[in-house]
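Here's a walk through a two-part story: how one helix gets packed away, and what goes on around it. Have the model open while you read.

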Amino acid sequence: MTLAEPALIEARGLSTAVRTAAGETPIVLSLDLSIGRGETVAIVGESGCGKSLAALSMIRLLPKGQARVTGGEVRLDGRDILRLREREMNALRGRDIALISQDPMSALNPLMTIGAQLYEAISAHAALPREALRERALELMRLVRIPDPETRLGEYPHRLSGGMCQRIVIAMAIAGHPRLLIADEPTTALDVTIQAQVLQLLQRLKEETGMALLIVTHDFGVVAEMADRVAVMYAGRIIEEGPVREIFRAPRHPYTQGLLALTRRAPAGERLPEIPGVVPSYADRPPGCAFAGRCDRALDICRTTAPARRIVGRRHEVECWFDGEASA
Amino acid sequence: MSLLSVKDLHVRLPTGQGVVHAVNGLDLEIEPGTTVGLIGESGCGKSTLGKAILRLVPSAEGSIELDGEEITHLGAEALRAIRPKVQMIFQDNGSALNPRHTIGKSIGQPLRLAGWSAKDTRRRVEELLALVGLPADAYGRYPNAFSGGQRQRIGIARAIALNPRLIVCDEPVSALDVSVRAQVINLLGDLQRDLQMSYLFISHDLSVVEHIADRVVVMYLGRIVEQGARESFWSAPRHPYTRALLAAAPATDPDATKAIDKPVLQGELPSNLNLPQGCFFQGRCPLVEPRCREAAPQLRPAEGGNLVACHLVPDVGEAQTGAPVQLALTESL
């Protein structure tokens, strides 16, 4: 992928495996992804496709002993952060890259007040006297639109709703002015009204701070709402990537086409379009294209040989042998 | 005649913090062979309503009639006779299955409880497996051998085993991946057509409800704020809450208006420990007026065909005549 200006962060050949009883199972398979400054990129895919592990690999927050990066590089400002010492990596987390996860409740310490957790997040990046710390915490809470922040400072997480907890998590994540915020399914556990509030908040914060966003989601609605560019993952690989408008208008991979057809409204009483079958487990993955078993257009070559990445448009790439353009 | 008729239902659940007013005076009708979609934010009481209909939680006031029979206060014995008629499918069917029972045993359990012989049960379970699109060899396997979508099929097989008239589907596809979701929705549609069952389909996913529901009911804090037939509901929503809910759904097109430029409903569902005075939605309503804080609005027919509980929505015909027109609730209710 060629960019007019150098990317903020760029993963090349990134591979991640999880440890299982039977040994190591590769989950993320040689992933290439770049994110420009201030850009919003979405990784979209179904459960088990490796999208969360890919994102966690980029910030080196894989669960210890359960998963590890097995290959590739992740360059931030041209420097491979996979080779940094843990101490250097810690300095970078929060300041350069921050993460918000799917379950805000589990991201907060139930035994610490909201204030104490915010102070901790702020202090990780700047040594501030107590009064300045409080001011900064209140400023962050106002930034994420927490009503009545003075009261909230002294409260514990259980007093707050899921939506409010997610706002606190976002406030902690942006405390160090990160240049990239990774949001792993940031609204999956939330109601549609609260989801709209959180998405609106992320859009505003992005405009105000100029940070880049990497959103991991299974929801094409969130993609349409947020992303400049989208990478569709299937069974560990990005099978299609491109500008969000182009992907919605002219998806090229049959899997992308199927997923998009599912997000569009089908007339009442008609059957919904289905993608038959399920995502193959690693052991059942065919030697060729991982989607071949579910694809109604699969050719012989699809089952035997993995397709190479092809450029099909401006910054639009796809891994599929099928050459015809079809509308979803 | 309606298959299910709920009248002025109240459900109050005692908790450590006080009494939760989960359902607060709710009327609901479901016709045979149709689907009523129930939407609203978490905590609005939609799941509790489903459980009350199944008599899994007690009702404090009001009545529930199933197939013409009053079931609100039936005793355990009489209730057992009703059970086959109304069943439930849960969001996470994996946890609803006993991990130590084979699929055959799990699906056959309601049949055995209803007095079926082992031989008849086995034949019926094999028939059910085929009906929901599971392989015949699923019979002797255990739940952990199945994916989320397959476990949902198992739950459906179990629910339809005794030919129920009504199934309460509580977020049946919310935990499933999009590609599998469509398979389960299509299966529910096929089964309804073939077996003439009714569904009360509880979901926060508006696009799924739009596809499956003949009528849509919007709940807020244990009350219905708007309901209407498919034809009018989506095209002419009138209640400020319904409009906000529909507007909050993320766009399915990158060129549509983004959240940042949309008026997004602020605040959250208030606590149901202490119910607000007047209209329950007043605290978050962008159009709130003094009268909204005084009296609770009743459901009334509005222009476009929906029933709406909002003081600000004029009655049908009011706009033309300039005076409120009293209309009896139509039988289509």
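The buried residues of α8(A) are covered from both chains: the cover includes α7 (162–173), β7 (180–184), β8 (212–217) and α9 (220–226) of chain A, along with α8 (206–212) and α10 (240–248) of chain B. Keep in mind that this is a predicted model. Which residues of α8(A) are buried? They are A:V192, A:T193, A:I194, A:Q195, A:A196, A:Q197, A:V198, A:L199, A:Q200, A:L201 and A:L202. In an α-helix, residues three or four places apart point the same way, because there are 3.6 residues a turn.

The length of the helix works out too. With 18 residues (192–209) at 1.5 Å a residue, α8 of chain A should span 26 Å, and the 25 Å between its end C-alpha atoms agrees with that. Just after α8(A) comes A:G210, with a positive phi of about 75°.

**The strand after the helix**

Why does β8(A) count as largely enclosed by the rest of the structure? Because 6 of its 6 residues are buried. Side chains in a regular strand alternate between the two faces of the sheet. In β8(A), A:A212, A:L214 and A:V216 point one way, while A:L213, A:I215 and A:T217 point the other way, and all are buried.

β8(A) has strand β3 (residues 40–44) of chain A as a parallel partner, joined to it by 5 bridges. Within that pairing, A:V44 has A:T217 as its bridge partner. β7(A) also runs parallel to β8(A), again with 5 bridges, and here A:L181 is the bridge partner of A:L213. The chain goes from β7(A) through α8(A) to β8(A), making a right-handed β-α-β crossover.

One residue that touches this region is A:S52, which sits in helix α1 (residues 51–58) of chain A. Leaving aside residues up to four places away in sequence, A:S52 touches A:D184 and A:V216. A:S52 is buried, since 20 other C-beta atoms lie within 10 Å. For a sense of distance, A:S52 and A:L92 are 40 residues apart in sequence and 20 Å apart in space, C-alpha to C-alpha.

**Where the chains meet**

How many residues does each chain bring to the contact? Chain A brings 38 residues and chain B brings 36 residues. On the chain B side, the elements giving two or more residues are α7 (178–195), α8 and α10 of chain B. α7(B) gives the most, with 8 residues. Sorted by class, the side of chain B that touches chain A has 17 nonpolar, 11 polar and 8 charged residues.

**Inside chain B**

The domain assignment splits chain B into domain 1 (4–213) and domain 2 (237–332). Their C-alpha centres lie 30 Å apart. In the contact between them, 11 residues of domain 1 of chain B meet 7 residues of domain 2 of chain B. β2(B) supplies the largest share of the domain 1 side, 5 residues. By class, that side has 5 nonpolar, 5 polar and 1 charged residues.

β2(B) also belongs to an open sheet of 4 strands in chain B, ordered β2-β1-β4-β5 with antiparallel pairing. β2 (18–30) and β5 (69–70) of chain B are the edge strands, each pairing on one side only. Farther in, β1 (residues 4–15) and β4 (residues 61–66) of chain B pair in the antiparallel sense over 5 bridges, and B:H10 stands opposite B:E61 of β4(B).

**Two loop residues with positive phi**

To finish, here is a pair of non-glycine residues, one from each chain.

| Residue | Phi | Loop between | C-beta atoms within 10 Å |
|---|---|---|---|
| A:D148 | near 55° | α5 (130–143) and α6 (149–153) of chain A | 9 |
| B:Q196 | near 55° | α7 and β8 (198–202) of chain B | 12 |

Are they buried or exposed? A:D148 counts as exposed with 9 C-beta neighbours inside 10 Å, and B:Q196 is exposed with 12 other C-beta atoms within 10 Å. Phi is positive for A:D148, and likewise for B:Q196.

Definitions and conventions
Residues numbered from 1 in each chain as written. Chains lettered and ligands numbered in written order. Predicted model: local features only at pLDDT ≥ 70, side-chain atom pairs only at ≥ 80, totals over all residues. Expected span 1.5 Å × (residues − 1). Contact = placed C-beta atoms within 7 Å. Nonpolar A, V, L, I, M, F, W, Y, C, P; charged D, E, K, R; others polar. Pairing = 2+ DSSP bridges. Domains from an automatic or database assignment. Right-handed = clockwise from strand over helix to strand, strands pointing away.
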